[in-house]
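Visitor: Hello! Could you walk me through this structure, one question at a time?

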Amino acid sequence: ATYSNCVLAEYVWLDANQTPRSKTMTMTSRPTKPEDLRIWNYDGSSTEQAEGHNSEVLLYPRAIFDDPFRGAPHVLVLAEAYNAWDGQPSIGNSRAECAAIMERYAHLDPWFGIEQEYTLFHPAKVGEQPSMPLGFN
């Protein structure tokens, strides 16, 4: 195989604290679906997802997107972390429970809502934090 047309696949997952983590796999061809990618692994003790004596965590590819940082033909791979020792979702893998619920209720038409709350403040003096919300005396 030649590496002149390599593709970088950046696997991205959440650690125990819901902090994004990633690692890069070099591939000889561009994957087009998650099944084109291999299950990868990492040491979960460095992400607080496992103890040091038994720490292998597996990354299962779930979705592929064009990499907006590196550009074409490189890809971002959204991955899901599972414990190698028991096959259970790793600490921080909140997708697993959501996927199970979505599968259980696939016959329904789910709705999702996003709520964003905000408060506008009166401007403060330079160097000071605003503290008086608009609408208050």
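Guide: Gladly! One term to begin with: contact means heavy atoms within 4.5 Å. Please also keep in mind that this is a predicted model.

Visitor: Thanks. Leaving aside neighbours within four places in sequence, which residues is Thr47 in contact with?
Guide: Thr47 sits in the loop between β3 and β4. Its relative accessible area is 3%, under the 20% limit, so Thr47 counts as buried. Once neighbours within four places in sequence are set aside, the contacts of Thr47 are Asp15, Ala16, Arg21 and Tyr42.

Visitor: How far apart are the closest N and O atoms of Asp15 and Arg21?
Guide: Asp15 is buried, with a relative accessible area of 2%. Arg21 is partly exposed because its 31% relative accessibility lies between the 20% and 50% limits. The two residues form a salt bridge, and their closest N and O atoms are separated by 2.9 Å.

Visitor: Which residue in β4 is the bridge partner of Tyr42?
Guide: Let's start from the strand pair: β3 and β4 run antiparallel and are joined by four bridges. Tyr42 belongs to the covered face of β3, along with Trp40, while Asn41 and Asp43 make up the uncovered face. Across in β4, the bridge partner of Tyr42 is Val57.

Visitor: Which are the edge strands of the sheet?
Guide: The sheet is open and has five strands with mixed pairing, in the order β2-β1-β5-β4-β3. An edge strand pairs on one side only. That description fits β2 and β3.

Visitor: And what does the twist average from one strand to the next?
Guide: Here we stay with the five-strand open sheet, ordered β2-β1-β5-β4-β3. Going from one strand to the next, the twist averages 35°.

Visitor: Which residue in β2 does Val7 stand opposite?
Guide: In general, the strands of a sheet pair through backbone hydrogen bonds, parallel or antiparallel. For β1 and β2 the sense is antiparallel, over eight bridges. Opposite Val7, in β2, stands Met27.

Visitor: Back to charges: how many residues apart are Glu10 and Arg70?
Guide: Glu10 and Arg70 form a salt bridge, with 3.0 Å between the closest N and O atoms. The pair links distant parts of the chain: Glu10 is in strand β1, and Arg70 is in the loop between β4 and β5, a separation of 60 residues.

Visitor: Is Glu10 buried or exposed?
Guide: Its salt-bridge partner Arg70 has 39% relative accessibility and counts as partly exposed. Glu10 has a value of 11%, under the 20% limit, so Glu10 counts as buried.

Visitor: How far apart are the closest N and O atoms of Arg30 and Asp66?
Guide: Arg30 is partly exposed at 33% relative accessible area, whereas Asp66 is exposed at 57%. They form a salt bridge, and the distance between their closest N and O atoms is 2.2 Å. This pair, too, links distant parts of the chain, with Arg30 in the loop between β2 and β3 and Asp66 in strand β4. The value you asked for is 2.2 Å.

Visitor: How many salt bridges does the structure hold?
Guide: Some salt bridges share partners, and these join Glu10, Asp67 and Arg70 into one network. The total for the structure is seven.

Visitor: Last one: what is the area of the nonpolar surface patch made by Ile101, Tyr105 and Leu108?
Guide: Leu108 lies in the segment after α1. Together, Ile101, Tyr105 and Leu108 make a nonpolar surface patch of about 280 Å².

Conventions. Residues are numbered from 1 along each chain as its sequence is written. This is a predicted model: local features need pLDDT of at least 70, side-chain atom pairs count only at pLDDT 80 or more; totals for chains, interfaces and linings use all residues. Side-chain values use heavy atoms; hydrogens and water are left out. A salt bridge is a side-chain nitrogen of Lys or Arg within 4 Å of a carboxyl oxygen of Asp or Glu. Helices (H or I, at least four residues) and strands (E, at least two) are DSSP runs, numbered from the N terminus. Buried means under 20% relative accessible area, exposed over 50%, partly exposed in between (1.4 Å probe, protein chains only). Patches are made of residues with over 30% relative accessible area and no salt bridge: like charges are joined within 9 Å, nonpolar side chains (Val, Leu, Ile, Met, Phe, Trp, Tyr) within 5 Å. Accessible areas come from the Shrake-Rupley method with a 1.4 Å probe; for residues, only the protein chains shown count as cover. Two strands pair if DSSP finds at least two bridges between them. Axes are lines fitted to C-alpha atoms, for helices over the stretch in contact, and angles run from 0 to 180 degrees between N-to-C directions.
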